[in-house]
Amino acid sequence: MQFDEIIKNTNYSDSNKPNLLDYQSKYDDFDWYKDGFSKLDWLPDGGLNNAYECVDRHVKNGFGDKTALIWLGKNGEEERYTYSEFKDHSDKFGQVMLDLGMKKSDKVFIFMDRLPELYFAAMGILKAGGVIAPLFSAFGPDPVKDRMLDAGAAYLVTSPDLRKKISPILKDIPTLKNIIIVNKDNRFENPLLDDDLDYSELMKNVNSDTFKLVSTSQYDFSIMHYTSGSTGKPKGVLHRHQAVVQQMLTGNWALELSHGDIYFCTADPGWVTGTSYGMIAPWTNGVTQIIYEGGFSASSWYDIIQKYNVDIWYTAPTAIRLLMRAGEDVVSKYDLTSLKFIGSVGEPLNPEAVVWGERNYKLPIHDNWWQTETGAIMCANYTSTNIKPGSMGRPFPGITMGILNDEFDEIKDETSGILAVRPGWPSQMFAYWKQDDMHNSRFKKGWYITGDQASRDKDGYYWFQGRADDVINTAGHLVGPFEVESALIEHPAVAEAGVIGKPDPIAMEIVKAFVTLNTNYEQTEELRRELIRFAREKLSAGVAPREIDFLETMPKTRSGKIMRRLLKARELGEPEGDISTLEDD
Ligand code: PRX
């Protein structure tokens, strides 16, 4: 049956779908999964490796000469790699890691800009049985240290500039065995510090023919991404190789990716969209992927779409709002008719953006919803069904979603409540690394609790209402207030800090902090600027507060918890709600 038919015929109110955790034995029940499974090339001993599925499978199937990756450097460089070359580079890097003594499930952090070597390294590590932990290259030393320490990082792959940025914290990671430096095109002089290893030298000394893929089982760990919660430092979300099934199928069915397409995903691999849909989904579907090292720019993005005849473009609402602001005149200068599908994720996509896209790109923008924890798209606006502008679409076949009340019972009408998913899909997170209680707390009465509030209409479309917690979504990136507060109170002037998301017309929310000062410090404009600078250096410009207000006293509960909810209500001039637990001033 065609996927279009399946979507049309699926009864979305049926919550008795088989549990996909057991999907291998059950997949006969799913016509639509059968297709996906038959495309996968299970290893001879029954194992599954997502890098093998992304790269080697295509070479084996005779597509080795097809272009896997077109890299566009920030200085105007262009490099192309076929699937065979991709296999060669990733095999070599796999061998490098094995020679260095990497063991199955060792965590390898990748902290670099979007260079081809990032992707060769990622695929090589996965083929050699390691776990990749990519980090956003804009992060400052603090977030890098927290994450590497928490994970017990064994290796780090980075570039000379970023290595220097975080040098002081690296000695604090006792588990770290080697640092591998990628000095792309010798951009930096004297690239190596201490015992650093040089990527090109290591690659020169190995032969791709000697590499033998380490057989991973579908249950072995593959990728770890850190995500923020309301409390505590970010948690490591651990995924397994089996996620590849869902990433491939959703790439194909929700994003329309298929062999030969030219695909442009604007997300960075430091965030989950950049791995699930910036690596695994596109390459398992055999596309040619454009990797652009530069950041947002309306004209550069349109130029790329025009010049490379991009078919499929996956981006985020903040970027779309920036493109809208750049204006219709800019769009009209480019021929964007190669586009056949535009997708969006990460934040609510306002209905005006869908309409604007339709007018300017002659295509609607398809919103879909998922999370780091879900590993792949859970619900989407498909090409085969009507888009409801402003809605996140309908669940993917085999996925059951629900709206729950505060007792975690399902709400059948259109009232909004807790957005939940029935556990057991292939790309479901395996764990929050070393945080079992936190992980278990996300499962209630047979549902996975997403942390979002939403509603479902009578046609089964889901509508995002907001976050159920204090996590801030700024330009599609989740920021945990605790991480920002912790950085601020390290400044000698700051006594207490409370951090909230302040609504913003472009970025959805910006990070705003409130601080009280230690005695002997004055509330000056200079100090405010100094604190913003301090937080930026420690965290990154995107995570640091954009605004800081001074307070005489911080609203706290009697047990000493900062009342972010109250800070936000006061900021927005909204009713303060229940303040019975507020500590007396
Ligand atoms: O709050 C939802 C929002 O982003 C969260 C997931 O963020 P993260 O784990 O970083 O994964 C980002 C890549 C998908 C969700 O809990 N979110 C995601 N997609 C949408 C969304 N909010 C509204 N509409 C969406 N389509």
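This note reviews the ligand site and one helix pair in a predicted model.

1. The surroundings of the ligand. The ligand has 18 residues around it, and those that come nearest are Asp367, Asn368, Gln371, Thr372 and Asp452. Sorted by class, this shell holds eight nonpolar, six polar and four charged residues.

2. Polar contacts. Three side chains may be examined in turn. The side chain of aspartate 367 places an N or O atom 2.9 Å from a nitrogen atom of the ligand. For threonine 372, an N or O atom of the side chain lies 2.6 Å from an oxygen atom of the ligand. The side chain of aspartate 452 likewise has an N or O atom 2.9 Å from an oxygen atom of the ligand. As for cover, the ligand taken alone exposes 540 Å², and the protein buries 97% of that area.

3. Elements that form the shell. At least two residues of the shell come from each of helix H11 (272–284), strand S14 (365–369) and strand S22 (462–467). Strand S14 gives the most, with three residues.

4. The helix pair. Two packed helices are described by the angle between their axes and the distance between the axes. Helix H5 (residues 83–99) packs against helix H6 (residues 116–127) at an angle of about 60°, and their axes are 7 Å apart. An angle of 65 to 115 degrees would count as roughly perpendicular, and one under 35 as roughly parallel; H5 and H6 are therefore oblique to each other. The crossing in which H5 passes H6 is right-handed.

How values were computed. Residues numbered from 1 in each chain as written. Predicted model: local features only at pLDDT ≥ 70, side-chain atom pairs only at ≥ 80, totals over all residues. Heavy atoms only, no water. Near = heavy atom within 4 Å. Polar contact = N/O pair within 3.5 Å; in protein donor to acceptor, adjacent residues only side chain to side chain. Areas by Shrake-Rupley, 256 points an atom, 1.4 Å probe, with all protein chains shown as cover. Helix = DSSP H or I, 4+ residues; strand = E, 2+ residues; numbered from the N terminus. Nonpolar A, V, L, I, M, F, W, Y, C, P; charged D, E, K, R; others polar. Axes fitted to C-alpha atoms, helices over the stretch in contact; angles between N-to-C directions. Parallel < 35°, antiparallel > 145°, perpendicular 65-115°, else oblique. Left-handed = near helix turned anticlockwise from the far one by under 90°.
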